[in-house]
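Welcome! Have the sequence and the 3D view at hand, and work through the exercises below one at a time.

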Amino acid sequence: MPSRAMLDVMEALRERQRASANEPAESLTETRAGFEPAGSAHPVPDDVVVTAVDAAGVVAHWLDAPGVDGRRALLFLHGGGYQFGSLRSDGELAARLGRAARMRVLFPEYRLAPEHPFPAAIDDVLAVWRWLRRRTAARSLAVAGDSAGGGLAVALLVATRDAGEDLPAAGVLLSPTVDLTSSGASMTDRVDEDPISTPQLLSRLASDYLAGADPRNPLASPLFASLAGLPPLLVQVGTADLLFSDAERLARAATDAGGDVRFEVGDGLPHVYQLMLGTPEAAEATERIGVFLRERVV
């Protein structure tokens, strides 16, 4: 059962979902400017040092919380359906995970659809990863992502493995988007539970991102890739999420391929519940992520 604080957030999200159904559609610029996946935007804490950097031509930000080990880094990939998201929407979560893991965080602003459709986002992520690898040993690196960023994180692991390159020490996937065919059972059987997304919204975002590309391309929908040889993975997802089946099937497939996978399910929790600062569920998930990364990244 979700906590009272989480239930309050979920009700606010449901109200926003209901209201948006009756409002005129915003422009893409307006939607991006107001994108608040957790119902409200939480700023990066004042004690976190934010430093802009050009990472192989991709705008990125270093996030350094007090006391982090500068020799270890977490590459964090934000969500937003490949069309939204930025440091404003996900920077607090990224910095919080870095603080918990005692790692500095690299937060890239990868190119967004529809102006930059697939494979622009994964091309940017790979460029940033290789830029980071030239500076830090793979064993001292991890990758994390929420929603679409989770899908990009898996695609990064698959592409890096296929290229014969060293992989990061661990991956953390929060409600990952890994199937742009929308074939998961939860896309229909969780419609009344999800307070954030609708099948129509997810279908439109996938179409805008793919722009005619094959939705089963392993770098767009890494659920359809071979998942053998990936580093240890922590997958967290709530049951009140249209993408629950994405996470569930990914965890099963990676385990069946011989991977070390920890699959954590939050009963009654929504999409990327870790974003919902101030709830005990977000705090507990953050601590588990921190322990997972501290145990695996040297």
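Contact here means heavy atoms within 4.5 Å. The model is a predicted one, where local features need pLDDT of at least 70 and side-chain atom pairs count only at pLDDT 80 or more, while totals for chains, interfaces and linings use all residues. Residues are numbered from 1 along each chain as its sequence is written, and side-chain values use heavy atoms, with hydrogens and water left out.

**Exercise 1.** Find the residues that L106 touches, not counting residues up to four places away in sequence.

*Solution.* Start with the lower numbers: V53, A60, H61 and W62 are among them. Next come L74, L75 and F76. Finish with V128, W131 and L132.

**Exercise 2.** Place L106 in the largest nonpolar core.

*Solution.* First, the term: a nonpolar core is a set of buried Ala, Val, Leu, Ile, Met, Phe, Trp, Tyr and Cys residues joined through side-chain atoms within 4.5 Å. Buried means under 20% relative accessible area, exposed over 50%, and partly exposed in between (1.4 Å probe, protein chains only). The largest core has 53 residues, and L106 is one of those with the most contacts inside it, as are L75 and Y209. Helices (H or I, at least four residues) and strands (E, at least two) are DSSP runs, numbered from the N terminus. Among the elements giving two or more residues to this core are β2, β3 (69–77) and α7 (199–210). The greatest share comes from α5, with nine residues.

**Exercise 3.** Classify the aromatic pair of F76 and F107.

*Solution.* Rings of Phe, Tyr and Trp (its six-membered ring) pair if their centres lie within 6.5 Å; planes under 30 degrees apart count as stacked, over 60 as edge-to-face and the rest as tilted. The centres of F76 and F107 are 5.8 Å apart and their planes stand at 20 degrees, so the pair is stacked. F76 lies in strand β3 and F107 in strand β4 (residues 103–108), so the pair ties together parts that are 31 residues apart in sequence. Both F76 and F107 are buried.

**Exercise 4.** Do the same for F118 and Y209.

*Solution.* Here the centres are 5.8 Å apart with 75 degrees between the planes, an edge-to-face pair. F118 is in the loop between β4 and α4 and Y209 is in helix α7, so the pair ties together parts that are 91 residues apart in sequence. F118 has 13% relative accessibility and counts as buried; Y209, at 1%, is buried too. Finally, ring pairs link Y82, F118 and Y209 into a cluster.
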